[in-house]
Amino acid sequence: MASLNKRILQKSNEAIKSFRTLKTLHSQDITPSSGSGIHCLPSRIFQKDILVGKSLKKFYTTDNNNSIKVLSLSSILVQDGINIEELPILIRRATQNSFPFTSYSYSGEKIRDESEFEDSFRQVLQNCISVNDVFKLLEVPSDKVRGYSAAFALQRLHVLKYLNTDWNLIHSFIRSAVMRELYDTVEKDVGLLSNRTLISLVECYLAAEGFSPKCLDAINIEVQIRLADSTFSIEELLTLANILQSGTENIAKQVPFITKPKTPTMSIVSENASRFLSNEDEDPEAVRMEHFDKFCAKLGPHFHEEIKSNCTSILKNLWIHLNSRLYSEINEETLPLILQALNHNNRNMVSFLEKPMTRVWLQLSPDSVQTCLNNLVRLRVNNTSIFTVLGRWAYVNIHKMTPHLLLSFLNTYIQFGFVDKNLFKVMEKCLQLKGQQVQTNVIAMCVEYCRTSRYVSPLVMDSAAHHFTQHGYSYEPLQLYAVLRAFGQLHYLPSQTTDFLKQVEHCLWHRFDQLDEVQLLEILGSFTFLNVLPKNFSQRVTSNDFFHKVDKLKYPNKIAAVMWLKVMKHAIIMSMNDDVPKTLRWLLGSKARGSMYLYQDSRKGAVHSMESALDMTFGSKFHHILPFYGCRVLYLDKNRVPLEVIRTKSGSVDIKDNVDKRLVFLLRCADHFSVNTKQLLGAQAQRLKHLQQLGFIPIEIRMSELHYAERISPFHLKEVLKQHLAHLVDFEAVAVVCADPKYQVPAVELGESISDWLGYDEQDMNIEDDGADLKLIAALLARQKGQEVKDSDLEPKTT
């Protein structure tokens, strides 16, 4: 205990000695106080070296029995985003009333409001059209031109020196003297200026070609002090952020804010000529090349880099400071402004706006909501929480919905693939109320949102069909593409089918040459999903001229164009050829690599799992990929035993024995169904129909089921397949047949080429390979019209 008291007494003596030394060195700066007052060194002495944080909280403890009140514990500095530096020593006389916590925050000099003279001076400055006019206005006693007036004059001069040329006629000494006096005045009184004036000075030095470094530093220091003191409002912080962001970008590009237009030289008032005019003997070229003042003359690349570095540092601190005030001070007016001020570097701050959004969303105006949506697209931020709240706002405020606001909603949600039921209700209500008066762009975007969301809305689709039937002639090519392709891909036929299809055929026929080749083929191909065959267009899309246009396309447009051509080809042949064995022989005679990614289950993990399960259960010689449709096929005999598949050198397949059952494995995932009706989408529905028409028994397996089984073990993967085939395959006989050594082959390795999984290669882009199939289509169409056709022309040609 004695040693402890000794250490405490030693610390107390050291603290008293430190205080006496401090008082001796800075006795003129220490203000005596009584009670619980504070003895503090003025912070203005240290403002150029340190930055005080948002709040400086001091925690003091003193032994109540000690007669000497000294500081026994260190102070704790709480601040946001600013480097913590050691502050001047604060000596406090603690009492019971203020013990144990006391909080202090430096607030700087008291900001002074504009006087009546300064307000009128600013208004008169705006009427000055030349530098000389500003110089004449400054001919007042020096005590009249204080901080506000000097700041206004500086801003106006920096604008006018780009807009006029009369500054060349004013002597450089006079210019530099006046500018130096203005800079010194602003530097001296910068702490008294309002926030708005201080922000305008920041904008001025960023736009100016030359600015006093000392004055610039004083402005930056004052900005950071007010940031730490939370003097700026949220609106002022956002304005400052926009100015700093655009200023640093322009400095990086080395492009001045204001360009100098060609304007005639302004005349100088004769009564001031003796004072301001330069020597007439000076070289006119030298005068024109002369800088405005000495600060412009010293301008260099290093000066630009220094300004950019300072602005970047302030901007970073500004966002950190603003982040700490989001929850307490944000409102329905400042929230969209914050989103507008964000850039790609600090877009992670959007997540901090989720809680404020849930608090103020009811008070948002339509313009504010549109600003939020447009800036989320600009920032490329997919925030489902904000999207859900905004969708709720759209439903509650449907009476405030405008076409432009609805387009912003649709564009944003389409961009990020966000499905919102409230927005579908808003779309249906708006289309129901507006009827034929709705804009074509709104119709097109509503249909496109339904297509991308896989949402089948009869009201939206019927409204679009009715609107197209009445106004289809006025649709632009892109609007045609957005509206028409959705019907087939969503597998929906409108109620008034006949009139709608007639208008579709009429518009496409007359705009055949105006539409993009890929878009035209996608529209025609998607209608085949509804069993609406483009028979009248078959000759035009298979002509040499159209083939030449497709052949000139680049990847991936060429791949897509050829894919839709093959979709139409298969749809026409499957629909018009009644001989199923011939059609199946034609299909199996095609190249196995010719399967297209429209039908291919292109999730290569599930595809590989399916192939592995079949290899482990039966062996690789008992199954193959069905050409074009991209799914695995297994053949069974009467004994429910798989049959061996014979592969020819040309790539086609054949079965040596009589086939009793044909099994086709279809991998299913959520992308194959609509989100509300749970029905198959157009491409998958057509594939299922064609396979059943060819005599295949579909075995549908969920992709998630395969993934889950594969994670456990290969045995579980094999068991999943057996569960789906238990009622079709005799696995006891399979064990005997597949145990034959001639069927034991190595497992298929995962291919490195992406074309192995997408189901296409360079040969798929060769249209000439389909020449024989196109002749078959022409023969089928001719027979349907009653023309005589040779039997050999109706025979499918294998590759």
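This is a walk through a predicted model, stop by stop, with something to select at each one.

**The whole chain**

Start with everything shown as a cartoon. The protein chain has 35 helices and 10 strands. Now colour by burial if your viewer can do that: of the 799 residues, 48% are buried. Switch to a surface and you are looking at about 40,400 Å² of exposed area, with carbon and sulfur atoms supplying 52% of it. For a contact map, take the contacts with a separation of 6 or more: 77% of them are between residues 24 or more positions apart.

**The sheet**

Next, select 623–625, 632–636, 661–668 and 696–702. What order do the strands of this open sheet take? The order is E5-E6-E9-E10, with mixed pairing. Strand E5 (623–625) and strand E10 (696–702) are at the edges with a single partner strand each, so each has one side without a neighbour in the sheet. Look along the sheet and you can follow the twist, which averages 30° from one strand to the next.

Keep E6 and E9 on screen. Strand E6 (residues 632–636) runs antiparallel to strand E9 (residues 661–668), and the two are joined over 5 bridges. Show sticks for valine 633 and you will find valine 664 of E9 opposite. Then add residues 604–617: this is helix H29, which packs on the sheet and touches E5, E6, E9 and E10. The direction of H29 makes about 145° with that of E9.

**Salt bridges**

Time for the charged side chains. How many salt bridges does a search of the whole structure find? The count is 10, and three of them are worth a stop here.

- Select arginine 226 and glutamate 222. Their side chains meet in a salt bridge at 2.8 Å, N to O. The two residues are 4 apart in helix H7 (residues 213–228), so about one helical turn separates them. Are they buried or exposed? Both arginine 226 and glutamate 222 are buried.
- Move on to arginine 485 and glutamate 448, whose closest N and O atoms are 3.1 Å apart in a salt bridge. This one links distant parts of the chain, 37 residues apart: arginine 485 is in helix H22 (residues 477–489) and glutamate 448 in helix H20 (residues 440–453). Arginine 485 and glutamate 448 are buried too.
- Finish with aspartate 671 and arginine 454, a salt bridge at 3.6 Å, N to O. Here the partners are 217 residues apart, and each is in a loop: aspartate 671 between E9 and helix H30 (682–693), arginine 454 between H20 and helix H21 (458–471). Aspartate 671 has a relative accessible area of 38%, which means partly exposed.

Before you clear the selection, show Glu448, Arg451, Arg485 and Glu522 together. Salt bridges with shared partners join these four into one network.

**A nonpolar patch**

For the last stop, go back to the surface and select Leu362, Tyr395 and Val396. Together they form a nonpolar surface patch with about 280 Å² of accessible area. Where is tyrosine 395 placed? Tyrosine 395 is in helix H17 (residues 384–396). With 43% relative accessibility, tyrosine 395 is partly exposed, because that class runs from 20% to 50%.

Terms used. Residues numbered from 1 in each chain as written. Predicted model: local features only at pLDDT ≥ 70, side-chain atom pairs only at ≥ 80, totals over all residues. Heavy atoms only, no water. Pairing = 2+ DSSP bridges. Axes fitted to C-alpha atoms, helices over the stretch in contact; angles between N-to-C directions. Contact = heavy atoms within 4.5 Å. Patch = residues over 30% accessible without salt bridge, like charges linked within 9 Å, V, L, I, M, F, W, Y side chains within 5 Å. Areas by Shrake-Rupley, 256 points an atom, 1.4 Å probe, with all protein chains shown as cover. Buried < 20%, exposed > 50% of the residue type's maximum accessible area, 1.4 Å probe, protein only.
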